[in-house]
Amino acid sequence: MSRVLKLPAAAGSPDRSGWDTLAWQAWLEDRLTEDWRPGEWDGGHWLFTGDLANPRTSSSTCRTSRCRQVVISGNTFCTPCGEHLRASGLTAGQFAASHRPERERSARGMVTARCSITRDDQQCVRPRHCKGMCATHYGTWKYHAARGTEETWLRETAQPHTETAPCLVPLCPSPAYNSRGLCNYHARQWSKDNRSHPADASQWAPSQSPYLAAHQFSLQLLDQPLRCELLYALQHTDRWTRSLEPHRIRHLVRDLADATTLLADDIGPDRLRGNDAGTLRTFTRLRTAVRTGFEEFTGTPLDDPDVLDLRFAGLRTVAGNAPRHMPGTADLRTIHQPWLRDLLRHWLTTSSPRTDNFSNTMRALAIASRTLAQRPGEGLDPAALGFTDACAVVDAFRTALRRDGTAYRSSQRRTLLACFFQLIDYGRRSGHLDTLAGAFTRDPVQHRIRLEEEDEDAIGKALPESVIRQLDTHLDTLGTGEVQGRRDIPAADLQLLYQTVYILLRDTGRRPLEIASLPRDCLETAHGQTTLIWNNHKRRRHRRRLPITASTAQTIRSWQACRSHLQLPGTGDAYLFPALSAYSSAGHLGANYISETLRTWVDSLHALHAEGVDAGGNPLPFDRTLIYPYAFRHSYAQRHADAGTPVDVLRELMDHRSIAMTQRYYQVSLKRKSAAVAALSAHVVDRLGHPAPSSPGTYELRSVAVPYGGCTEPSNVKAGGEACPIRFQCAGCGYYRPDPSYLPAIEQHINELRADRETAQAMAAADFVTTALTAQITAFENVVDRMRTRLAAMPAHEREELEHASTLLRKTRAGSRPLLPLTVTTRTHTPPS
């Protein structure tokens, strides 16, 4: 082996040819951890075996409950079980639970049938070759058969072997199968190779790889230093990816058998025999790790130093301090000023920022760099920058656009501006920006980006109740087909899991992550009322309680009973919906699983109709992109707002900190409200139930809302409904103007008046009291009967539009009603310690 590693010199960098190969190999070996040192060593052969209990490898066992065959990632059943599944006509879940393999099928390189030669109840242990005998006994039998003495030999002389002969291929686990000393697998391989390149089996065997199972790979075919390079690279990629795929590594070893190093320029994707994307991705990761290690070994970069590989950046996760190895690169060439590039490198290597902070800072630097490049001097000299340059940068953030040309939200623009000046302040504190002019700074008053109010017309994201009812009718199809997690849970149980998730999204209004992370014992029953215990991750308020219906609670209990029988990773024992994969770091079902499954289900439905019809009377199709997990939270809040739930009660149900957030659900866009007023103004009646229509302007400006209708009495209108001359006895007032939107309130008031009359009679009150109550009841009933008669006579589509307009106006009144001066002192029940 040559002691000198020859590498071509990269453009613009020193010549790197002539590095000591042994020194490079020793450097690599020193950095191998115990986990990545050879599992077995024998004459230069390297064999690594993945531990099936360790999620490092992508291999696992067959899904059949009684089968232990190893399968690679992407397969569910081993080959024999897959054949029986196709012939059985059962579902995958039923087959996995009921099938019993007839026998444990041996690996391809082994023969399970033993030689039939037996003496004194001891059978030969070597594999059967021909005529029921092993290769050695068969050869002896042929010798005696030629002389006619085979029967005597079998009866008196043949002795069973008590030890197996190993295969000539080093580290091969299978015993020798034939007289050449090869196992069954290598005998076939030798027979194939011997046709094109004749060679004796003893000379051919040392250069071959041992028989490898699905979770094994061997580096025996590779020369040094490529072996060490590959081990070093695998050690790094093991941290970058969720799992290793040994079958792809075996393909790479085969394709790189004649290479000497991964650093050579001619070692590229074109050397790979196939165009498999997974193998190409693995090769790219390995080559990146080796080239980065060589840069550290030599101290000189092989590639452009302005293209950072984020897998070596040491970024932290958003949730904690654990390092995250992000795929991809960061191209600093988009930053025109060298001093900004140096600052970013220094900050990245010294502070280990979080992934979200790094992404925002990169976007902020790109915006600031483009702005400074248009200033005098192009921002290349940090000492020449002034306050006007800082103002120009802030103005650029105020008008920043995304890559698709749409404007950032005001909150995102504020975040980007903060990230840029936080980086500048970090550079000054660390002494890395001593040359930057002091005038280039942010003014805390002038350099602010105001938060913009959201457009009122864009607030309503709730799904119409009619669409939710259509989804409910197809609930039995949710969780079928290609669903996330099918490998780790039977299909029927997986379907029940996602149906339970959907019902909880619909009935509780919790966020997707809050549903996915529900504790396993999330139900609490007291005084006949069941409450859901959940965690508000967004505001970091845990052990919250939400009243739920009996049907929702029963759905949860049904899933809890099913969940107790599932064999799932132990990391999810504490959760109602555990992780469906051993690779999950959270322990609970991923919110992305919920989104992807819901999207697949919605797209598979035959038809979803929106409210209303087209010109031909056909139902309008509903935009399916509006159906996503978070929309059910809006629907839950909107459902309560439409029903007139007081805003303070809904605030508690939604667990909002500010009541202003809750009031958004009571707001209706001006366009929709105007349409509702225009529809109802033509159906206003007087106290006797006779039509008294008004213009929309009069309805809005010359009347005020009283509890059971509208009022046009001048003094009461002037006082905003607070100065009724007859103390709100609307049934006897000539200024009383109800409309169909007040029907629920009027009917509720009639029931209250009836209860008051019963109480007055029980108290033996004067006759004029009960007479007055009876007169009010009669008057209100007359108004209700006349309005309902007119509604019943209307065409169905007009009546539906009028009811929709009534719902909108009731929601508006519910959101704007005055609240009693009450203060909630205890938001939740605190369980005893």
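Let's start with Asp-472, which counts as partly exposed at 28% relative accessibility. Keep in mind as we go that this is a predicted model. From this one residue we can walk outwards to its partner, and from there to other parts of the structure.

The partner of Asp-472 is Arg-506: their side chains meet in a salt bridge, 2.9 Å from N to O. This pair links distant parts of the chain, with Arg-506 in helix H16 and Asp-472 in helix H15 (residues 465–473), 34 residues apart. Is Arg-506 buried or exposed? With a relative accessibility of 17%, Arg-506 counts as buried, because the cut-off for buried is under 20% relative accessible area. A further residue joins in here, as Asp-472, Arg-506 and Asp-507 are linked in a network of salt bridges.

How many salt bridges does a search of the whole structure find? The search finds 18. Another of them is the one in which the side chains of Arg-375 and Asp-389 meet, at 2.8 Å from N to O. Here, too, distant parts of the chain are linked: Arg-375 sits in the loop between helix H12 (355–373) and helix H13 (387–398), while Asp-389 belongs to helix H13, and the two are 14 residues apart. Arg-375 is partly exposed, at 27% relative accessibility, whereas Asp-389 is buried, at 7%.

Now travel along to Glu-747, which forms a salt bridge with Arg-788; the closest N and O atoms are 2.8 Å apart. Glu-747 is in helix H26 (residues 743–762) and Arg-788 is in helix H27 (residues 767–792), so this pair ties together parts that lie 41 residues apart in sequence. Glu-747 is partly exposed, with 29% relative accessibility, and Arg-788 is also partly exposed, with a relative accessible area of 40%.

Let's turn to the aromatic rings. The structure holds 16 aromatic pairs. One of them joins Trp-24 and Trp-27, whose rings are stacked, with 5.7 Å from centre to centre and 15° between the planes. Why are these two residues separated by about one helical turn? They are three residues apart in helix H1 (residues 21–30), and that spacing corresponds to about one turn. It helps to know that an α-helix has 3.6 residues a turn, so residues three or four places apart point the same way. Both Trp-24 and Trp-27 are buried.

A second pair to look for is Tyr-502 with Phe-632, which is edge-to-face: the centres are 5.5 Å apart and the planes make an angle of 85°. Tyr-502 lies in helix H16 (residues 491–508) and Phe-632 in helix H20 (residues 631–642), so the pair ties together parts that are 130 residues apart in sequence. Tyr-502 is buried, at a relative accessible area of 2%, and Phe-632 is buried as well, at 0%.

Rings can also gather in groups. Which residues form one aromatic cluster with Trp-24 and Trp-27? They are Tyr-232, Phe-294 and Phe-297. A ring can have a charged neighbour, too: the charged end of Arg-510 sits over the ring of Trp-534, 4.6 Å from its centre.

Next, find helix H8, which spans residues 226–240. At 1.5 Å a residue, its 15 residues should span 21 Å, and the C-alpha atoms at its ends are indeed 21 Å apart, so the expected and computed values agree. Of these 15 residues, 14 are buried, so helix H8 is largely enclosed by the rest of the structure.

Two more residues complete the tour. Arg-248 is found in helix H9 (residues 246–255), and it is buried, with a relative accessible area of 14%. Setting aside its neighbours within four places in sequence, Arg-248 is in contact with Asp-276, Gly-278, Thr-279 and Thr-282. Arg-248 can also be compared with Arg-281: the two are 33 residues apart in sequence and 9.7 Å apart in space, from C-alpha to C-alpha.

Finally, look for Asp-655 in the loop between helix H21 (647–654) and helix H22 (659–663). Asp-655 counts as buried, at 4% relative accessibility. What joins the side chains of Asp-655 and Arg-544? The answer is a polar contact of 2.8 Å.

Key:
Residues numbered from 1 in each chain as written. Predicted model: local features only at pLDDT ≥ 70, side-chain atom pairs only at ≥ 80, totals over all residues. Heavy atoms only, no water. Phe/Tyr/Trp six-rings, centres within 6.5 Å; stacked < 30°, edge-to-face > 60°. Helix = DSSP H or I, 4+ residues; strand = E, 2+ residues; numbered from the N terminus. Buried < 20%, exposed > 50% of the residue type's maximum accessible area, 1.4 Å probe, protein only. Lys NZ or Arg CZ within 6 Å of the ring centre and 35° of its normal. Contact = heavy atoms within 4.5 Å. Polar contact = N/O pair within 3.5 Å; in protein donor to acceptor, adjacent residues only side chain to side chain. Salt bridge = Lys/Arg side-chain N within 4 Å of Asp/Glu carboxyl O. Expected span 1.5 Å × (residues − 1).
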